[in-house]
Amino acid sequence: MSSTPLLSMPEPQVCNPVGAPTPLPPAARHDITLVPIVPGPQVNRYERHVTIDDLYAAFMVEKGPLDCSEELATTVAGWEPLTHPEGALFFYFPKQRVFTDANVRDPVIAAKAGEAVEKAYKKVHEAKIRMNSLVELALELIVVDGEEKWGYYFVDHDKRVIFWFEDHTSDFLMNSIRGVERKSHIRYALESQYWRHVELFPNKRLLPEDVIVKLKETVMLAQAENITSETCLAPFASDEVDSMLGLVDSLMSSADKQREHSVWIVARFTRLFCNAKFVNFCGQPGARLGVDQSLYGKSNVRSTRILRVMNVFLFGSFDAQSKAIHRIWVDETMVHPRWKNFIDRLTTEWNGYTIYSTVMLAVDISFLAVQSVQAQMVATLLAYLSILCIIGSLVISLILAGQVNDSRRRSAADVAFFMLGMSRSMLGLESLALMLSLPFALLIWAMVFFSAALSVLIFGTAGVVAVSIASPIWFAIFCLAMWLVLAANDFHISHLRSWIIERVSRVTNSSYV
């Protein structure tokens, strides 16, 4: 680790305004409850939804150049308002290096925040935790059922971690990762949360050059892996990494300067890469080295006779979809770059099935309009079955294509929640594979029924010459089609030959005995 404290960047270079008072506790002390939190997602900035008065009135601009200094001035309690690059308002107390999203312009909230700061540092002293001068404190006002609590965490810029004055276990910190046993492993989760803190409060921080260089090397490695490996662990697709590399190159001009936009970019990218290291057990004996690798020594692929028989009747599409799904859902973790490619491929396929289904529907209806077909009850029945399969394929394709455009495509969290729910159903993820294989399978069955109806018509009404010419061609097509279906189910003629030879050898050996 660099000997340079990572937050000479994180140290907000904010001067305490001359005469700005320290938060003073009110005459009547409040009952302050401190609870440990992590910045992501327990700093609830993006879910506050503070409402604005829905009343239009033209704002009167006073004469002369606009002066906002009064609104942007440090509060009476000493809190300085800052604006996040994304637009959020937060407050910083320079004397004790405290950040909060709470509206400390309200004197009551400011008083409570001051007491929370005082209590937090008192608890640290009682816990005998040694802290350097660069440690920061973040506070989050939490109100549940009318009960107020103050969430808190400390930030150590030397070690690039967050910490608390008490032992703490957090599901938000663990991110549902099983098997975490070592401090050297959980450190990546704490570092990811550290960068989340910098991401939430990036203003007035210097951005060290070595931080940008390290991020650039990480992004370059991710791009090299994307180019040379199909099992790249980078949490981004190749085109995304390429765009990131261009951004990081541009960040070099911001080295050792106070530019909150650049700090935010570095913090966001670094947090995501740190989280990937935690998820993949970086530096641990069982580290995941390929995106397909399961860390827990078990596969969530269910292989049963029913599913194998089902795969035959679905013409191998079930097995193909199942393998694709298990490539994007490993150890109950979403491989998001593969998910995007998977959805794009499915969308293209469904559009194709819709076109094929429309053509087949026109062919079947035209076939039924032929007068000689109407006299063949079997051929008519098979044509009806073909039409029903086409309608089924068409409807299912349209439904699935519509569902692709919902939130599961846009949000990684929504995708993971959906996949987790499917994996815990009766058939597991195979139920999703079954759904996705239906458009193709029904379209093939429609073609099979139409071929059968056409065969009935040919062999039932045509003469000997036509039948003798059509029969070998029909048989050849049937054999080729069955060859593909059997090969898709890993059944080959060579296997049958080996099985026959083995059986004959057993019979021969037993006869000699």
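Which exposed residues does the face of H7 turned away from its buried side carry? In this predicted model, the answer is Asp239 and Ser250. The rest of the helix is worth a look before moving on to its neighbours.

Helix H7 runs through residues 238-251, so to speak a stretch of 14 residues. From its first C-alpha to its last, H7 reaches 20 Å, close to the 20 Å expected at 1.5 Å a residue. Its buried residues are Val241, Met244, Leu245, Val248 and Leu251. These sit on the same side of H7, because they cover an arc of only 115° around the axis. As for what lies over them, the cover includes helix H6 (209-228) and helix H8 (260-279).

H6 can be read in much the same way. It has 20 residues and reaches 29 Å from its first C-alpha to its last, close to the 28 Å expected at 1.5 Å a residue. Buried here are Val211, Ile212, Leu215, Val219, Ala222 and Gln223. They span an arc of only 105° around the axis, so they end up on the same side of H6. Flip to the other side of H6 and the exposed residues turn up: Glu217, Leu221, Ile227 and Thr228. The buried residues of H6 are covered by, among others, H5, H7 and H8. H8 therefore turns up in both lists, as part of what covers the buried residues of H7 and as part of what covers those of H6.

H8 also holds Arg271. An arginine might catch the eye here: Arg271 counts as buried because its relative accessibility is 19%, and the cut-off for buried is under 20%. Setting aside neighbours within four places in sequence, Arg271 is in contact with Ser192, Trp195, Arg196 and Glu199. One of these partners, Ser192, is placed in helix H5 (residues 183-200). Ser192 has a relative accessible area of 7%, so it is buried. Seen from its own end, and not counting residues up to four places away in sequence, Ser192 touches Arg271, Cys274 and Asn275.

Further along the chain, helix H11 (residues 336-369) meets helix H16 (residues 430-461). Their axes come within 10 Å and cross at roughly 25°, which makes H11 roughly parallel to H16. The crossing is left-handed. On the H11 side, the residues making the contact include Phe342, Trp350, Tyr353, Tyr356, Met360 and Phe367. H16 contributes, among others, Leu436, Pro439, Phe440, Leu443, Met447, Phe450 and Leu457. Ser357 and Asp364 of H11 also take part in this contact, as do Ala446 and Ala453 of H16.

Loops get a mention too. Gly316 lies in the loop between helix H9 (305-313) and helix H10 (317-328). With a relative accessible area of 10%, Gly316 is buried. Between Gly316 and Ala487 there are 8.8 Å in space, C-alpha to C-alpha, although the two are 171 residues apart in sequence.

Stepping back to the whole chain, the model has 18 helices and nine strands. Of its 513 residues, 39% count as buried. Among contacts in the chain with a separation of 6 or more, 72% are accounted for by residues 24 or more positions apart.

Technical notes. Residues numbered from 1 in each chain as written. Predicted model: local features only at pLDDT ≥ 70, side-chain atom pairs only at ≥ 80, totals over all residues. Heavy atoms only, no water. Helix = DSSP H or I, 4+ residues; strand = E, 2+ residues; numbered from the N terminus. Expected span 1.5 Å × (residues − 1). Buried < 20%, exposed > 50% of the residue type's maximum accessible area, 1.4 Å probe, protein only. Arc of directions from axis to C-beta. Contact = heavy atoms within 4.5 Å. Axes fitted to C-alpha atoms, helices over the stretch in contact; angles between N-to-C directions. Parallel < 35°, antiparallel > 145°, perpendicular 65-115°, else oblique. Left-handed = near helix turned anticlockwise from the far one by under 90°.
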